[in-house]
Amino acid sequence: MKQNIPMRTIYKLSLLLLVLVQSLTGLEETQSHAIHDVINSYVDAWNHHEGVGFADNYTEEADFVNIYGMHFIGKAEIEERHQRILQTFLKGSVFEVLSTQLREVKPGFVIAIVHWRVEGFRSRNTPHAPGQKREGIFSHVFVNNNGKWEITSSQNTLLPFN
């Protein structure tokens with residue numbers, strides 16, 4: 001016997017499923033999009049502006065540990081250091097995000113694991129060598145400050161050659 005399910009019931013079940021999925025991930029879709037926008041912003045600053053704007057979405061007191069283990073403190077130093085590397089040994093390199101995983105640890109705090117690739121990577125010690133393709137992983141801590149998602153801590157890890 002064929003039974004028709006009323007559209008209203010389908011709509012209610014769809015909403016219930018959406019709420020359930022959001023509760024499992026912990027983040028609303030708008031929050032996830034806002035965090036991805038922050039990530040896209042620093043990718044754009046890297047690729048088009050030689051680092052200008054890289055730290056726009058970092059908190060004023062943010063911490064950043066780079067692939068060499070150097071610790072930068074504060075938005076201004078993070079910005080200045082990225083401008084410097086992109087005007088010297090990483091000039092002309094292209095940064096891309098390969099994947100992003102977000103996990104809300106509690107309301108207003110999100111851990112983002114960002115797997116990245118840079119084409120044109122050169123070491124600080126060999127700035128004129130041909131660029132290579134290298135990959136790494138950012139671990140970011142995002143905080144929600146008055147409705148705006150910002151990075152308060154970053155650890156950047158360079159992956160070994162495959």
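What follows looks at the confidence of a predicted model, then at its largest nonpolar core and at the surroundings of Asn-57.

Confidence first. The pLDDT averages 87 over the protein, and 83% of the residues score at least 70. Residues 9-24 are another matter: the pLDDT there is below 50, and the stretch has 3 contacts in the model beyond near neighbours in sequence.

On to the core. The largest nonpolar core holds 29 residues, and those with the most contacts inside it are Tyr-42, Phe-54, Tyr-58, Ile-78, Phe-95, Phe-138 and Phe-142. Two helices and several strands feed into it, with two or more residues each coming from α2 (29-49), β1 (58-65), α3 (75-87), β4 (109-121), β5 (132-145) and β6 (148-158). Helix α2 gives the largest share, 7 residues. Phe-95 shows how such a core residue is surrounded: leaving aside residues up to four places away in sequence, Phe-95 touches Tyr-42, Val-43, Trp-46 and Asn-47, along with Trp-116, Arg-117, Val-118 and Phe-138.

Then there is Asn-57, which sits in the loop between α2 and β1. With a relative accessible area of 16%, Asn-57 counts as buried, because the cut-off for that label is under 20%. Again setting aside residues up to four places away in sequence, the residues that Asn-57 touches are Val-38, Ser-41, Lys-148, Glu-150 and Ile-151. With Ser-41 there is also a polar contact, side chain to side chain, at 3.3 Å. As for Ile-35, 22 residues away along the chain, its C-alpha atom lies 9.8 Å from that of Asn-57.

Technical notes:
Residues are numbered from 1 along each chain as its sequence is written. This is a predicted model: local features need pLDDT of at least 70, side-chain atom pairs count only at pLDDT 80 or more; totals for chains, interfaces and linings use all residues. Side-chain values use heavy atoms; hydrogens and water are left out. A nonpolar core is a set of buried Ala, Val, Leu, Ile, Met, Phe, Trp, Tyr and Cys residues joined through side-chain atoms within 4.5 Å. Buried means under 20% relative accessible area, exposed over 50%, partly exposed in between (1.4 Å probe, protein chains only). Helices (H or I, at least four residues) and strands (E, at least two) are DSSP runs, numbered from the N terminus. Contact means heavy atoms within 4.5 Å. A polar contact is a pair of N or O atoms within 3.5 Å; within protein, one must be able to donate a hydrogen and the other to accept it, and residues adjacent in sequence count only if both atoms are side-chain atoms. pLDDT is the predictor's confidence in each residue, from 0 to 100.
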